[in-house]
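Let's take a friendly walk through a protein model. Have the 3D view ready and turn it as you read.

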Amino acid sequence: MARRYDRSPMASPPPAARSPRPASVRAPGRPRRGLLALLVIYAVALAFSHLVTGPGDPALDAPLPAGLKSIQLPAFDDNGPVPDTARRLVYAEWTPDKPVDPSQPVVVLVHGSPGSQESFGALGPQLAAMGHRVIAMDLPGFGRSSRRAPSYSIRAHAHAVIALMERLDIERAHLVGFSLGGGVILYTHEVAPERSATLTFLASIGTQENEGSGSYHWEHTKYGAMHALTAWLPEAVPHFGLLPPHDKRLPWSRNFWDTDQRPLREMMRMLDVPVLVLHGINDPLVAPWAAREHAELIPTASLVMTRHSHFLPFLQPRETATWLDDFFDRHARPGVAPAREFMDLAPVDPVLDGWFGAGVTDRAFTFVRTIPWWGVLLILALLALSFDRATAAGGALLAAPIVIDFVMLIAALALSVILRVLIMALIARVTGRATATASTHDWARRLREHPVRTGFACAWRDDLRARCGTGIGQGVGRGAPLHASFVISLAIGSLLWGAATWLGATMVSAPIADAPHYPLGAWSVLLAFLAAYLIGTRFDRLFTTIGRRRAWVVVSRVWRHEFWPSRVAYAPLALYIAWLSLRHRNPLVFTCVNPGIANGGGAVGESKGAILGAMRLGEHELPVRPVPAGPPPTERARTCVDLIRHDAALRGYPVILKPDAGFKGHAVKLVRTEDQFEPYFRSMRSDAILQRFHPGPGEAGIFWVRNPNASEGEPAGRIFSVTLKSFTEIVGDG
């Protein structure tokens, strides 16, 4: 016979009642042979992978392609050339067809990170066709220049730019810095200001305050993690040459790690040469508002804000060259006063100003950027502690225009998971009782036998976090070990979950919001938030088996109408009732449907006892006895006990106890003993009915419809539908 399987904590037998596990036959501490074999296979594959890929970049030993030149220069650190060193530095040169005035400054293009002189493969020829001599170099460590360098900072790269200009007899140059190259040309002017005719910040970085979180320490922690993941972690993975060699991966991550942007603000403020800030409104890497602040900070700067993205040299080389050519021609001769111009070729209406008034958007963004990084992290983590999906959706919208750092959002989401587990563990430890449906012994076993799997499960499944924390709090209190592997897997799993949640929210919300354009104004933000909240923040479910199954269940309900919410079925009925109300000019016309039932024909609060009493079904009726509200619970319980003892129609226990006015099974109770009445009436204080229990085998709901226009001799109504009800049972061994 089928029996119900009770999964509550009380159903778990004590440890002594469980079947003993078979004793292990292997010696303690001796690794399993299967695991040892896997480690050996992995080590052999890793060694073979390193043997195949080799120690360096084979491109450095290949002959230089046509158009590239190389010279020998010393290595450079932040203080200048390093004695007794020699490195190859590769550069490209484009010259116009007609002779160039040797007194005219040369254009020197400095790439970003990662990058090389190939970043200017389209822009360089465009500038040469306009009459400029153009030089673009592979900075030390990049492209085909020598890889190993004492420092990859933008200051060390500035010394390399100056050394190249000296070797090529370039006295003055129009320095153009793309992305991180903007910091290189700024340091170049700081070290050798006499060599700068103009500076152009092309989709360039700037002050530390406008970089990501704005904090030097947070950003360098982020860059340190990026350096470990991109430069060193692949060395422990057998990739067999599918990834770039180590010498090619290391420089660009070290470029950020070695760079200090904190001095750039004062250097910008002190500039006295003509400066052009050329930026794109759709730049996803350097915020457009950062370019505006840089232009306002530099006293000699002009700003041109285009409608493009970060990759102006690649995607818009001709338009970029046109702007640069005009700027270079204006300042070809020394002594021309800088023009202080601000040209916005892609104006964007403020997002929230249409709803809340002029200036609200700018003030809101400015306020968020004034909060220190630790404040942003704490605020986001506390919000995510209670509203993780809403925080992820809103944070994705703020991270798109780089108002907040997306890594900060990921860290905050991860921190909220860890805090939730710790808080629940602390509550369980202090109170000594469960605050969630968790089995102490079961969680102690999980932590002991599967700490890594348990840590990842708690990070990825929101339904397990509270139970995990409660189980930890009780289990540790009873001597269950808390392995370091569990803590590490929980932390790593939380970061991965935060990254997946941010990525899903961004993928869904970005096309709708289309930051920074917001085609529908504030409605774009609202629709993008709803889409990210309802869909994007469920993206992490696809990474687990149970999550994929739940996602499939949700999707499959679209074509399974029996699982649709009741409001979907009632919506057409509500519209029909509204139409009848207008037609008959009475908003309560629907109460005429069941004139024999009180309270508006059963619209709300109808009495089950009164309806059953009016039906007069005779022997087919299950007897109902009223239990009015008012008396204390003990007296109402005594009334029920007396009814069962003296009313033969109820036929003793069990009986059904339920509210006289209720719906959807609310407060329906199967009572088997008399001591169950009083607890029931403590929580259910309205009118109740006591009904004889019918054991089945089934239950049906009959929908009878009255015919108000029935003629004499015709039935007063008809059975419209019959709903057979079957109740789910789980068969198990307990």
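## Cavities and sheets

Strand β4 (residues 87-94) supplies the largest share of the lining of the largest cavity, namely 3 residues. Keep in mind that this is a predicted model. The largest cavity has a volume of about 80 Å³, and 13 residues line it. Closest to its centre are Pro 74, Ala 75, Phe 76, Arg 87 and Pro 140. What classes of residue make up the lining of the largest cavity? There are 7 nonpolar, 3 polar and 3 charged residues. The count of cavities of 30 Å³ or more comes to 4. How does one find such places? Rolling a probe the size of a water molecule over the atoms shows where empty space is left.

Now follow β4 into its sheet. This is an open sheet of 9 strands with mixed pairing, in the order β1-β4-β6-β5-β7-β8-β9-β10-β11. At its edges are β1 (68-73) and β11 (342-344), each of which pairs on one side only. On average, neighbouring strands of this sheet are turned by 20° against each other, direction ignored. Between β4 and strand β6 (residues 134-137), which run antiparallel, there are 4 bridges. Look for Trp 94: its bridge partner in β6 is Val 134.

Helices meet this sheet too. Helix α3 packs on the sheet and touches β1, β4, β5 (106-110), β6 and β7 (173-178). Helix α10 lies across β5, β7, β8, β9 (275-280), β10 (301-306) and β11.

Further along the chain there is another sheet to find. Here 4 strands form an open sheet in the order β12-β15-β13-β14, with antiparallel pairing. The edge strands β12 (624-627) and β14 (669-671) each pair on one side only. Neighbouring strands of this sheet are turned by 30° against each other on average, direction ignored. Strand β13 (residues 655-659) and β14 run antiparallel and are joined by 3 bridges. Which residue in β14 is the bridge partner of Leu 657? That partner is Lys 669. Helix α24 lies across β12, β13 and β15.

The table sets out the angle that each of these helices makes with a strand.

| Helix (residues) | Strand (residues) | Angle |
|---|---|---|
| α3 (154-167) | β1 | about 105° |
| α10 (317-330) | β8 (196-202) | about 150° |
| α24 (608-615) | β15 (688-692) | about 45° |

Definitions and conventions: Residues are numbered from 1 along each chain as its sequence is written. This is a predicted model: local features need pLDDT of at least 70, side-chain atom pairs count only at pLDDT 80 or more; totals for chains, interfaces and linings use all residues. Side-chain values use heavy atoms; hydrogens and water are left out. Two strands pair if DSSP finds at least two bridges between them. Helices (H or I, at least four residues) and strands (E, at least two) are DSSP runs, numbered from the N terminus. Axes are lines fitted to C-alpha atoms, for helices over the stretch in contact, and angles run from 0 to 180 degrees between N-to-C directions. Contact means heavy atoms within 4.5 Å. On a 1 Å grid over the protein atoms alone, a cavity is a set of points where a 1.4 Å probe fits but cannot get out, and a pocket is an open set with protein on both sides within 12 Å along at least five of seven lines; lining residues have an atom within 4 Å of a point. Grid points are joined across faces, edges and corners, and a volume is the space filled by probe spheres set on the points. Ala, Val, Leu, Ile, Met, Phe, Trp, Tyr, Cys and Pro count as nonpolar, Asp, Glu, Lys and Arg as charged, and the others, Gly among them, as polar.
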